[in-house]
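Colleague: Got a minute to walk me through this one? I haven't looked at it before.

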Amino acid sequence: MTDVFRAEGLGKTYPGVRANDDIGFSVGRGEIHALLGENGAGKSTLVKMIYGLVRPDEGRMVLNGQPHAPADPRAARAAGVAMVFQHFSLFDALTVAENVALGMENPPPRADLSRRISEVSTAYGLPLNPARRIASLSAGERQRVEIIRCLLQDPRLLIMDEPTSVLTPQEAEILFATLRQLAAQGTAILYISHKLDEIRSHCDRATILRHGKVVGTVDPRAHSARELAAMMVGAEMRIIDRSGRVPGAEILQVQDLSSSGEMALKDVALTLRAGEILGIGGVAGNGQEELLAALSGEDPTAPGTVIMDGTDLSAMGPEARRRLGLLSAPEDRLGHAAVPEFSLSENTLLTAGARQNLVRHGLVDHSAARRFAEAVINAFDVRTPGPGTAAGALSGGNLQKFVIGREVLGKPRVLVVNQPTWGVDAGAAAAIRQALLDLAGNEAGVIVISQDLDELLELSDRFCALNQGRLSAPRPTEGLTIEEIGLMLGGGHGMEVGHVPA
Amino acid sequence: MFRLEPRASAPLGWQIATPILAVLATMFVGGLLFAAMGFDPVAAIRTIFWDPLFGPAAGYSRPQLLVKAGPLILIACGLALGFRAGIWNIGAEGQYIIGAICGAAVALAAYPAEAFWIFPAMILAGALGGWAWGMIPALLRNWFGASEILVSLMLVYVAQKIAAWMAFGPMKNPEGFNFPGSRNLQQYPAAANPELIANSGLHWGGIAAIVALAATWFIMSRHVLGFQVRTAGAAPRAARFAGVRPERLVALCLGVSGALAGLAGLFEVAGPAGQITESFGSGYGFTAIIVAFLGRLHPLGILLAGLLMALTYIGGELAQMMLNLPAATVQVFQGMLLFFLLGFDLLTRYRIRRRT
Amino acid sequence: MISVFILLLGAATPILFAALGELVAERAGVLNLGVEGMMVGGALAGFAAAHATGSPALGFAVAALAGAALSMLFAMMTQYLLSNQVATGLALTLFGLGLTAMFGKPYEGVKAPAMMAGPLGLNWMIWLGLAMVPVVWWFLVRTRPGLILRAVGENHDAAHGLGYPVRAMRIAALAFGGAMAGMGGAYISIATVLQWTEGMTAGAGWIALAIVVFAQWNPWGVLAGAWLFGGVTVLQLRLQAAGVAVPVQFLAMAPYLATILVLVLISARQKFGRSGGGAAPGSLGRPFHALR
């Protein structure tokens with residue numbers, strides 16, 4: 001196997017962080033090579049160096065036998081590197097063709113380009129209409145645009161950054177078929193992920209990163225998921241304790257819940273019992289944020305749609321619902337669940353003002369807020385100098401622990417969380433999941449909205465899926481297979497048929 | 001080369017230091033400008049910043065400090081509230097004019113009656129007029145999503161035309177020999193806003209400014225409303241999550257800042273200005289924007305910035321008389337000051353490091 | 001009738017220039033509220049140059065340079081020092097008004113040289129303004145730099161990720177916006193009022209900003225908006241001249257009230273989702289800071 005790409009002794013230091021240290025690995029012609037590591041292990045710094053977004057402090061890279069030191073992404077593209085980003089680098093207001101043209105150095109004239117997009121996309125089983133605006137495409141279709149954009153440049157090395165995190169299992173299968181087709185034609189593929197199962201079934205080799213260093217390069221098929229996880233984390237994962245839960249009486253009923261807007265909820269109905277965790281799966285952008293907003297009170301809904309303990313909450317705002325015990329934690333930590341510029345102590349006032357008695361007669365008790373922030377920090381092992389630290393200065397995992405802890409200490413009757421462990425390191429994720437289980441153990445009802453199926457299977461008693469604003473009927477989690485879940489998630493909306501509107 | 005590293009929070013030291021740096025830089029560049037125009041830069045800077053307080057004519061100019069600073073501070077307090085919340089009322093000048101017209105209308109309607117209620121009724125009318133003028137952009141934003149920046153600004157021009165119409169039409173002094181302009185309220189005791197302590201420059205507007213400063217401080221640091229305002233400005237989604245209703249905040253901020261600007265206009269028309277004229281608006285509404293920023297949207301800062309801006313007004317007039325400097329010098333200074341402040345602000349938000 | 005239309009075109013021209021320039025800046029993602037300051041700067045610089053040389057053409061060239069120079073002040077502040085765009089735009093307007101009041105004194109009461117006449121009784125600047133509409137449209141929609149400019153305004157992080165020079169594009173767009181605003185301002189002093197007076201732009205820059213919103217960031221919409229504004233202006237002047245029994249001040253309010261009305265109508269259309277046109281560029285007004 002000839003090497004298409006090779007890295008030797010790559011290093012990069014940010015203030016206070018050694019992001020990459022003596023990284024060496026190689027990707028061969030026609031190989032699908034996995035880059036495996038936790039969040040913060042240095043994967044994204046590494047690919048940014050390959051793609052010319054970050055310059056390495058030391059070490060060297062070789063691409064096709066030539067030294068590879070791109071000054072910017074355009075130089076990297078010219079050298080034959082293409083990249084599909086985790087968070088799409090697409091322009092919503094522009095058309096598919098315009099987006100593709102932006103990803104090319106010398107795009108052909110408009111008509112030719114549109115024709116080639118249609119040709120290439122059909123050839124790889126990813127049909128696309130070049131004239132459509134990105135804003136009207138689904139997540140899966142958007143990813144196709146990114147991939148087509150890369151393919152039109154005939155890349156020698158294709159980098160895919162967590163490509164399946166936004167796809168349903170069926171959509172992911174189509175993606176892998178495309179990747180295998182590309183590899184068969186000789187393209188080297190660097191595949192970044194932390195999903196062990198897909199790496200084990202689709203990748204030829206895997207390089208594992210931990211704390212910015214290469215732990216090893218292995219054949220993923222020769223190792224169990226547990227062994228790979230141990231290499232990735234450096235220790236055995238903590239075992240989650242889900243004992244001691246006895247679902248009690250129904251406390252929350254949601255019926256005929258609809259909303260307006262871009263991704264409207266359509267006749268959502270669910271019930272929640274005390275001591276129960278209800279898992280809601282689905283690809284982000286299918287109404288998750290809207291559902292949380294409807295339950296938290298940010299977007300009040302029609303009368304009779306949200307009822308807790310016999311009280312109709314539908315018309316109430318977030319504060320009134322909190323007083324009654326319905327608490328929530330949105331997905332976006334910076335700017336939604338917390339204000340980055342504010343101290344942790346001030347951030348408690350966002351949601352705990354009434355329940356913790358931090359605000360009385362309109363007056364803020366700053367010392368009480370500080371004490372409560374300290375209580376959250378201690379109870380949830382938030383690593384920070386103190387309650388005076390700005391929320392934005394905390395790492396993702398620590399801030400998420402703070403946000404969840406703030407609500408859990410509020411002794412909710414019902415807690416709704418969206419993507420509780422997104423972008424959080426494994427240790428913090430385990431702590432957050434345990435806190436949610438403990439909360440259910442104390443007879444609260446918990447709704448966990450998440451894209452992470454493993455997490456939902458681990459936590460929830462019942463499982464349902466949100467797809468295009470519709471919620472499927474919940475099913476007991478025990479005995480559910482991944483295939484069944486895939487079908488509940490909507491079976492890849494339009495992915496197999498690959499419709500091209502005229 | 002240097003690179004910028006965002007800070008998680010703004011250090012207090014830099015927050016205090018940057019306005020001072022901006023003032024010093026303005027003096028320096030202003031001096032260069034004067035030198036280029038053929039004036040003695042040291043004399044010019046001294047005339048503007050020193051002589052009004054300690055120069056030979058200070059006895060006359062010192063009271064003027066409070067006269068000019070009062071309306072600036074009063075207006076800036078309201079603006080600061082909105083700016084903190086990300087609500088941009090830049091039409092305070094219009095609210096100031098309408099407040100003055102409404103207040104003057106009460107006085108002129110009551111003329112020549114002498115009654116204790118006339119002045120309080122004028123205050124109420126002034127505040128209400130400014131409030132109503134500020135509520136127009138607020139409601140248009142809440143109902144239709146129209147930009148409050150552009151609407152409030154357009155309304156300045158409309159208010160100026162209304163003032164002109166008043167001066168030439170309905171409010172024209174019947175005993176004024178057909179000159180445009182209303183009766184002079186200073187000569188109508190029941191409606192006048194006189195100097196309260198001789199040679200201090202303090203009138204009721206100054207008292208109102210002090211009350212506004214205290215109220216702003218209390219709301220911003222102690223009351224949950226201040227927390228909501230700051231949250232809305234820093235992270236609108238977090239504010240909604242916390243239960244803040246954005247429409248109410250828009251109405252509150254534009255209404256309050258309009259009312260305060262209206263009050264400033266009322267105290268001006270009943271006091272130093274005396275009458276409604278075609279050019280009643282004198283730019284206080286715009287200068288107050290600079291005062292709010294220079295004072296870091298903080299009451300104590302606004303107090304100091306208001307006094308400093310008042311100083312440049314008086315110093316500018318002095319320099320015009322003594323050195324023949326152009327009248328617009330003050331405006332240039334104020335614009336420059338805001339520029340430098342916004343530029344130096346970088347230091348509070350970013351750490352500058354040498355690129356390695 | 002034709003003479004009324006010529007008047008309308010003349011009244012629309014300053015707004016057309018300034019709004020087209022601001023449109024390009026906003027499509028690149030920068031909200032420059034300093035249009036009024038750049039216009040008044042152009043009005044004085046252009047007038048002074050035209051007066052000194054006797055050539056209105058040279059006057060407009062100098063006005064373009066002056067407007068661009070002022071916009072570079074804004075560019076430096078917002079692109080390098082990352083200052084707040086709203087506040088910096090306000091500062092630019094206040095600064096421009098002050099600076100011109102200071103340096104404009106010697107030109108008060110001086111007459112402008114004769115405007116260069118063009119075909120069909122319209123001067124060349126009116127023609128240039130009209131020509132700029134398709135040029136700007138063509139540039140934005142049909143050329144690669146135009147595509148990159150729109151990409152930068154739509155999503156600066158993604159554009160940066162693809163290796164496009166966000167800051168350079170924005171600075172170029174601001175320079176164009178400044179030059180256009182400067183020429184629009186100079187049209188008021190050189191071709192409309194024929195003299196210099198302090199603060200003579202009288203809110204035209206702010207109206208131009210509103211026209212960009214009205215146009216939904218489309219150059220043809222800017223043309224429609226500028227003509228609408230020109231029509232209102234001509235109408236109120238006609239009514240004044242005809243001695244209608246309404247106080248002049250009320251007629252003089254008309255352009256500002258019309259601007260508010262237009263702003264409300266278009267905002268309502270966008271808010272209530274009956275809009276077929278474009279929305280604001282995705283990154284408009286947001287500061288860009290690449291972490292490298």
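Modeller: Sure, we'll start with chain A and then go to a contact between chains; bear in mind that this is a predicted model.

Colleague: How many helices and strands are there in chain A?

Modeller: Chain A has 16 helices and 23 strands.

Colleague: And how does its radius of gyration fit the globule rule?

Modeller: The rule gives 23 Å for 502 residues and chain A comes out at 24 Å, which is close, so chain A is as compact as a globular protein of that length. The C-alpha trace spans about 70 × 55 × 45 Å along its principal axes.

Colleague: What percentage of chain A is buried?

Modeller: Buried residues account for 51% of the 502.

Colleague: Let's talk sheets. What order do the strands take in the open one with β11?

Modeller: In chain A the order is β12-β11-β14-β15, with antiparallel pairing. The edges are β12 (268-273) and β15 (311-312) of chain A, each pairing on one side only.

Colleague: How many bridges join β11 to β14 in chain A?

Modeller: Three bridges join them. Leu252(A), for instance, has Met308(A) in β14(A) as its bridge partner.

Colleague: Switching topic: how many residues do chains C and B each put into their contact?

Modeller: Chain C gives 39 residues and chain B gives 36.

Colleague: Which helix has the largest share on the chain C side?

Modeller: That's α11(C), with 14 residues of the side touching chain B.

Colleague: And how do the residues on that side divide up?

Modeller: On the side of chain C that touches chain B, 27 are nonpolar, ten polar and two charged.

Definitions and conventions: Residues numbered from 1 in each chain as written. Chains lettered and ligands numbered in written order. Predicted model: local features only at pLDDT ≥ 70, side-chain atom pairs only at ≥ 80, totals over all residues. Contact = placed C-beta atoms within 7 Å. Helix = DSSP H or I, 4+ residues; strand = E, 2+ residues; numbered from the N terminus. Nonpolar A, V, L, I, M, F, W, Y, C, P; charged D, E, K, R; others polar. Rg over C-alpha atoms; globule rule 2.2 N^0.38 Å. Buried ≥ 20, exposed ≤ 12 C-beta atoms within 10 Å, placed from the backbone. Pairing = 2+ DSSP bridges.
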